[in-house]
Amino acid sequence: MRISLAATLLTLVLSVVSAAAQEQGESDLAKQSQNPVGNLISLPFQNNTSFGIGPDDAISNVLNIQPVYPVSLSNNWNLINRGIVPLIYQEAIFSDVGDSLSGLGDISYTGFISPSQPGKVIWGVGPSFLFPSATEDRWASDKWSAGAGAVVLTMPGSWVLGVLVQNVWSFAGDDDAESVNLMTFQPIINYNLNKGWYLTSVPVITANWTASSSNRW
């Protein structure tokens, strides 16, 4: 039985905003940056470290580079392009077998089509893709995968509350590699304080539907 503890160490958001966005209050700008389908160019970095993996208590570290680039499709609709580029370091799970490895993981992309003038309920839906870009077999799917993603959220008062979900299925790639049927589920909870500060909880829940029931979640 494997027990691991994951911790998000750093989330850094570097935002490029228009003059109109700069005129918004710090609180409004913070809420916009927390909106997965907000009309805001950003470059978040999220670092996740897992401890206690395997019998030798190995450590793995994943730095996710997550660019967001919105494109106006019309006066009424935007396409929010979101990517995740994982840079991975993983110690050998068994110290006497294999070595520690580092490299690039599989890159994912989701394009959310969203209203440019949303109401109280903000939403987006669109295609998701997983590309077999991993440089090491240990974390490579070796499959091209596609599916769909959706996000729904609302921003009452100081809160940003929502959920993001996506699922991809493999359709091509290495015939000897296992099929991909992977879901990602992210509850979004943000509470905004004064001067642009905020508290946030965005856990990442994954389900590998091809795995056994004890290893699925």
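In this description, helices and strands are DSSP runs numbered from the N terminus. On that basis, Thr-135 is placed in the loop between strand 8 and strand 9, the latter spanning residues 143–154. The model is a predicted one, and the account below begins with this loop before turning to the chain as a whole.

Thr-135 has a relative accessible area of 46% and is therefore classed as partly exposed, since that class lies between the limits of 20% and 50%. Along the chain, Thr-135 and Gly-105 are 30 residues apart, yet their C-alpha atoms are separated by 6.6 Å. When residues up to four places away in sequence are not counted, Thr-135 touches Ser-102, Gly-103 and Leu-104. The loop between strand 8 and strand 9 also holds Asp-142. Asp-142 is partly exposed, with a relative accessibility of 32%. The backbone of Asp-142 has a positive phi of about 55 degrees, although this residue is not a glycine. Most residues other than glycine have a negative phi.

The protein chain as a whole contains two helices and 13 strands. It has 217 residues, of which 32% count as buried. The accessible surface of the chain amounts to about 12,600 Å², and carbon and sulfur atoms account for 58% of this area. Among contacts with a separation of 6 or more, 54% join residues that are 24 or more positions apart.

Part of the surface is formed by a nonpolar patch. Its members are Ile-41, Tyr-69, Val-71, Leu-73, Trp-77, Ile-113, Val-121, Trp-123, Val-125 and Val-152, which together have about 840 Å² of accessible area. Two elements, strand 4 (68–72) and strand 8 (121–131), give two or more residues to the patch. Strand 8 gives the most, with three residues. One member of the patch, Leu-73, lies in the loop between strand 4 and strand 5, where strand 5 covers residues 77–90.

Strand 8 is also the place of Phe-129. Phe-129 counts as partly exposed because its relative accessibility is 30%, a value between the limits of 20% and 50%. Phe-129 and Ser-108 are 21 residues apart in sequence, and the distance between them in space is 5.6 Å from C-alpha to C-alpha. Ser-108 is also among the residues that Phe-129 touches beyond four places in sequence; the others are Ile-107, Tyr-109, Ser-145, Ala-146 and Val-168.

Asn-64 and Gln-66 were examined next. Asn-64 is found in strand 3, whereas Gln-66 lies in the loop between strand 3 (58–65) and strand 4. Asn-64 has a relative accessibility of 13% and so counts as buried. Gln-66 is likewise buried, with a relative accessible area of 15%. Both values fall under the 20% limit that defines a buried residue. With neighbours within four places in sequence left aside, Asn-64 is in contact with Pro-44, Phe-45, Gln-46, Asn-48, Ile-84, Val-85 and Pro-86. On the same basis, the contacts of Gln-66 are Ser-42, Leu-43, Pro-44, Gln-46, Gly-83 and Ile-84. Pro-44, Gln-46 and Ile-84 thus appear in both sets of contacts.

A further buried residue, Thr-184, has a relative accessible area of 16%. Thr-184 belongs to strand 11, which runs over residues 181–192. Thr-184 and Thr-206 are 22 residues apart in sequence but 4.5 Å apart in space, C-alpha to C-alpha. Thr-206 is also in contact with Thr-184, as are Leu-164, Val-165, Gln-166, Val-204 and Ile-205, when neighbours within four places in sequence are left aside.

The second largest pocket holds about 330 Å³ of space. It is lined by 16 residues, and those closest to its centre are Gln-32, Asn-35, Gly-38, Asn-39 and Pro-118. Helix 2 (26–33) and strand 7 (107–115) are the elements that give two or more residues to the lining. The largest share comes from helix 2, with three residues.

Terms used. Residues are numbered from 1 along each chain as its sequence is written. This is a predicted model: local features need pLDDT of at least 70, side-chain atom pairs count only at pLDDT 80 or more; totals for chains, interfaces and linings use all residues. Side-chain values use heavy atoms; hydrogens and water are left out. Patches are made of residues with over 30% relative accessible area and no salt bridge: like charges are joined within 9 Å, nonpolar side chains (Val, Leu, Ile, Met, Phe, Trp, Tyr) within 5 Å. Accessible areas come from the Shrake-Rupley method with a 1.4 Å probe; for residues, only the protein chains shown count as cover. A salt bridge is a side-chain nitrogen of Lys or Arg within 4 Å of a carboxyl oxygen of Asp or Glu. Helices (H or I, at least four residues) and strands (E, at least two) are DSSP runs, numbered from the N terminus. Buried means under 20% relative accessible area, exposed over 50%, partly exposed in between (1.4 Å probe, protein chains only). Contact means heavy atoms within 4.5 Å. On a 1 Å grid over the protein atoms alone, a cavity is a set of points where a 1.4 Å probe fits but cannot get out, and a pocket is an open set with protein on both sides within 12 Å along at least five of seven lines; lining residues have an atom within 4 Å of a point. Grid points are joined across faces, edges and corners, and a volume is the space filled by probe spheres set on the points.
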